[in-house]
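Have a look at the model below before reading on. We'll start with the overall layout and then work down to single residues.

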Amino acid sequence: MSGQQAAAHVPVMCARIVELLSPPLQAPGSVYVDCTLGLGGHAEAMLTACPEATLIGIDRDQHALALAGERLAPFGDRVRLFQARYDELPDVLEQAGRPLEAQRLMQRVEYDLEMIKELGYCSGIENYSRYLSGRESGA
């Protein structure tokens, strides 16, 4: 696949994702993290819709990362790409100069895991799922 073919790729549910994720990314200095960057279609839409946002893009596939880099080149220094797995996000955040975000992420993950261990579930994870799916509480 060429860079031109990658740019022609239409990402799934793009309009809905932009609708849900773009409001907080309108603020100056906001950062959008895409842990499965792929060909960069969602990232391109988010950067277009959110001119104040920067991107930290992660993908383990070197070829996909190169194609996404071509696609996202017009956004210049608003884009930082890393070859990594999504579970390496804390390390990537550190490399990107975002140590506070890395620390907060790890604290939240540890809290959620402790809740699952103690209670058998974590309401925080359920709340994220409900928000993204549009389900009502208890549905």
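How many helices and strands does the secondary structure of the chain come to? Seven helices and three strands. Keep in mind that this is a predicted model. Going from the N terminus, the elements run α-α-β-α-β-α-β-α-α-α. The chain has 139 residues, and 34% of them are buried. Its exposed surface comes to about 8700 Å², with carbon and sulfur atoms supplying 56% of that. If you take the contacts between residues at least 6 apart in sequence, 55% of them join residues at least 24 apart.

Now for the sheet. The three strands form an open sheet in the order β1-β2-β3, and the pairing is parallel. At the edges sit β1 (31–34) and β3 (79–83), each of which pairs on one side only. On average, and ignoring direction, neighbouring strands are turned by 15° against each other. Zoom in on β1 and you'll find that it pairs with β2 (residues 54–59) over four bridges, in the parallel sense. One handy reference point here is Y32, whose bridge partner in β2 is L55.

What about the two faces of β1? Y32 and D34 make up the covered face, while V31 and V33 make up the uncovered one. That fits a general pattern: in a regular strand, side chains alternate between the two faces of the sheet.

Two helices lie across these strands. Helix α3 (residues 41–49) lies across β1, β2 and β3, and runs at about 170° to β1. Helix α4 (residues 62–72) lies across β2 and β3, running at about 175° to β3.

Let's stay with α4 for a moment. Its buried residues are A64, L65, L67, A68, R71 and L72. Why do they line one face of the helix? Seen down the axis of α4, the buried residues fall within an arc of 165°, so one face is where they end up. The spacing makes sense too: an α-helix has 3.6 residues a turn, so residues three or four places apart point the same way. At the N-terminal end of α4, D61 acts as a cap, with a side-chain oxygen 2.8 Å from the backbone nitrogen of H63.

Carry on past α4 and you reach the loop between α4 and β3, which is where F75 sits. Is F75 buried or exposed? With a relative accessible area of 17%, F75 falls under the 20% cut-off, so it counts as buried. Leaving out residues up to four places away in sequence, F75 touches E44, L47 and T48. Take the first of those partners: F75 and E44 are 31 residues apart along the chain, yet their C-alpha atoms are separated by 8.5 Å.

Next, go back towards the N terminus and pick up α2 (14–21). Here C14, V18 and L20 are buried. These residues cover an arc of only 165° around the axis, which puts them on the same side of α2. On the other side of α2, A15 and E19 are exposed.

The loops flanking α2 each hold a residue worth a click. One is M13, in the loop between α1 (3–8) and α2. What counts M13 as exposed is a relative accessibility of 57%, since the cut-off for exposed is over 50%. The backbone is what may catch your eye, though: phi of M13 is near 55°, a positive value in a residue other than glycine. For context, most residues other than glycine have a negative phi.

The other is S22, in the loop between α2 and β1. S22 is buried, with a relative accessible area of 11%. Which backbone atom lies 2.7 Å from a polar atom of the side chain of S22? That would be the backbone oxygen of V18, and V18 is itself among the buried residues of α2. Setting aside residues up to four places away in sequence, S22 touches I17, M46 and C50. One of these, M46, belongs to α3 (residues 41–49), the helix that lies across the three strands β1, β2 and β3.

Technical notes:
Residues numbered from 1 in each chain as written. Predicted model: local features only at pLDDT ≥ 70, side-chain atom pairs only at ≥ 80, totals over all residues. Heavy atoms only, no water. Pairing = 2+ DSSP bridges. Axes fitted to C-alpha atoms, helices over the stretch in contact; angles between N-to-C directions. Contact = heavy atoms within 4.5 Å. Buried < 20%, exposed > 50% of the residue type's maximum accessible area, 1.4 Å probe, protein only. Areas by Shrake-Rupley, 256 points an atom, 1.4 Å probe, with all protein chains shown as cover. Arc of directions from axis to C-beta. Polar contact = N/O pair within 3.5 Å; in protein donor to acceptor, adjacent residues only side chain to side chain.
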